[in-house]
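Thank you for giving me a few minutes this morning. I would like to walk through one structure slowly, and I ask you to keep the sequence and the picture in view while I speak.

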Amino acid sequence: MKNMLKKVFVMLMIVALLPLGFVGTTKAIYGSSVTATPNTINSTAEYNFTFYFHNTHTAKDQIVITFPNGFNVSSFARDKITISQPPSTPPFNPSDVSVSGNLVTITIGQALNSGYCNLRILSSAGIKNPPNPGTYNFTLYIQNEPINNSTVPLPLQIISAVSGVSVTVDPLNVGSIASYEIFFTINVSLKTSDYDYINIGFPLGTTFPSTTIQSSLITVNGSACSYADVSGNRFLIRVPQSITAPASVRVFIPSTVGIQNPPTAGTYTIKVSTSK
């Protein structure tokens, strides 16, 4: 009987203590995320942070954002940032912003309620994405927040402007004048109004015609081009129609343009980039 009572007592003690082990810590900021527009390498972008406040905050409180290594961050004015809590609080500019290396400290400038918040750093702030694709982790926290202020990294995927490049050359003979059919995907929109172009880097040894390029012979997604030029081994083609990303692109350069294959057999690489 005593053993049974002892077991019951021990079980009651365990049940009584269990809730203490499952009490979670409260974070000052939670549910955070970040996006960049555009999210392509070397692009000057707009950064959109969304998160939730656990507490209310005064106008003097500060939000601190750390940009990862590789991002080009320089000083910018406070009017390049907007803070909002829709639908109750429309966008407003903070009272101050300071930049130290990749650390951006923002003085809110207006009292905010607990709950959802949106913070945008406009592209006119001049912050530039890193030169290499990959996943980059931001951090965001409230300066001098009295409760647990740790924040999980905010991942942001930075991608290449062009991906999935493939090329068909006909004929493949050394020294032959050939046609080039180039396929790729663009991850940034190209506009005729911005005079955007596609840049095709041909391998060393490729010979281009000495006369003016007949741009109308070249097509991009079936549309004839109005302008093309050569600079070194780069072939520049202005897009004949706007292309909204993401999109598959086919560039066709017929043999009548006069591009000649390298004189030596081997494996060669064609590189594709854009003006954005």
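Let me begin with Y30, which you will find in strand 1, the stretch that covers residues 29-37. Before I go further, please keep in mind that this is a predicted model. Is Y30 buried, partly exposed or exposed? Its relative accessibility is 41%, so Y30 counts as partly exposed, because that class lies between the 20% limit for buried and the 50% limit for exposed. On the surface, Y30 joins Y52 and Y116 in making a nonpolar patch of about 280 Å².

Staying in strand 1, we come to V34. Here the relative accessible area is 7%, and V34 is therefore buried, since the value falls under 20%. What does V34 touch, once we leave aside its neighbours within four places in sequence? The residues in contact with V34 are then N48, F49, F138, L154, P155 and L156. One more distance may help you place V34: from its C-alpha to the C-alpha of F51 is 8.9 Å in space, although these two residues are 17 apart in sequence.

F138 was one of those contacts of V34, and F138 leads us to the aromatic rings. A search through the whole structure gives 16 aromatic pairs. Take the pair of F67 and F138, where the ring centres are 5.0 Å apart and the planes stand at 65°, so that we call the pair edge-to-face. Why does this pair tie together parts that are 71 residues apart in sequence? It does so because F67 belongs to the loop between strand 3 (62-66) and strand 4 (81-85), whereas F138 belongs to strand 9, residues 134-142. Both F67 and F138 are buried.

F138 also pairs with F71, again edge-to-face, with 5.2 Å from centre to centre and 65° between the planes. Since F71 lies in the loop between strand 3 and strand 4, and F138 lies in strand 9, this pair ties together parts that are 67 residues apart in sequence. F71 is buried, as F138 is. If we follow the ring pairs onward, we arrive at a cluster that links Y47, F49, F67, F71, Y136 and F138.

There is another ring to point out, that of Y227, because here the partner is a charge rather than a second ring: the charged end of R238 sits over the ring of Y227, 4.5 Å from the ring centre.

That brings me to charges that meet other charges. As a general matter, side chains of opposite charge can pair when their charged atoms come close. How many salt bridges does this model have? The count comes to four, and I will go through some of them with you.

In one of them, the side chains of R120 and E46 meet with a distance of 3.1 Å, N to O. R120 lies in strand 8 (residues 115-121) and E46 in strand 2 (residues 46-53), so this salt bridge ties together parts that are 74 residues apart in sequence. R120 has a relative accessible area of 28% and is partly exposed, and E46, at 23%, counts as partly exposed too.

Now please look at the segment after strand 19 (271-274), where K276 is found. The side chain of K276 meets that of D194 in a salt bridge of 3.0 Å, N to O. D194 sits in the loop between strand 12 (179-186) and strand 13 (197-201), so the pair ties together parts that are 82 residues apart in sequence. D194 is partly exposed at 40%, and K276 is partly exposed at 34%.

K276 also forms a salt bridge with D196, at 3.1 Å, N to O. D196 is in the loop between strand 12 and strand 13, and its distance along the chain from K276 is 80 residues. Is D196 buried or exposed? At 4% relative accessibility, D196 counts as buried. Through their shared partner, the salt bridges join D194, D196 and K276 into one network.

Let me finish with the protein as a whole. It has one helix and 19 strands, and 38% of its 276 residues are buried. Among contacts between residues at least 6 apart in sequence, 71% join residues at least 24 apart. The accessible surface comes to about 14,800 Å², and 55% of that belongs to carbon and sulfur atoms.

Definitions and conventions: Residues numbered from 1 in each chain as written. Predicted model: local features only at pLDDT ≥ 70, side-chain atom pairs only at ≥ 80, totals over all residues. Heavy atoms only, no water. Patch = residues over 30% accessible without salt bridge, like charges linked within 9 Å, V, L, I, M, F, W, Y side chains within 5 Å. Areas by Shrake-Rupley, 256 points an atom, 1.4 Å probe, with all protein chains shown as cover. Helix = DSSP H or I, 4+ residues; strand = E, 2+ residues; numbered from the N terminus. Buried < 20%, exposed > 50% of the residue type's maximum accessible area, 1.4 Å probe, protein only. Phe/Tyr/Trp six-rings, centres within 6.5 Å; stacked < 30°, edge-to-face > 60°. Lys NZ or Arg CZ within 6 Å of the ring centre and 35° of its normal. Contact = heavy atoms within 4.5 Å.
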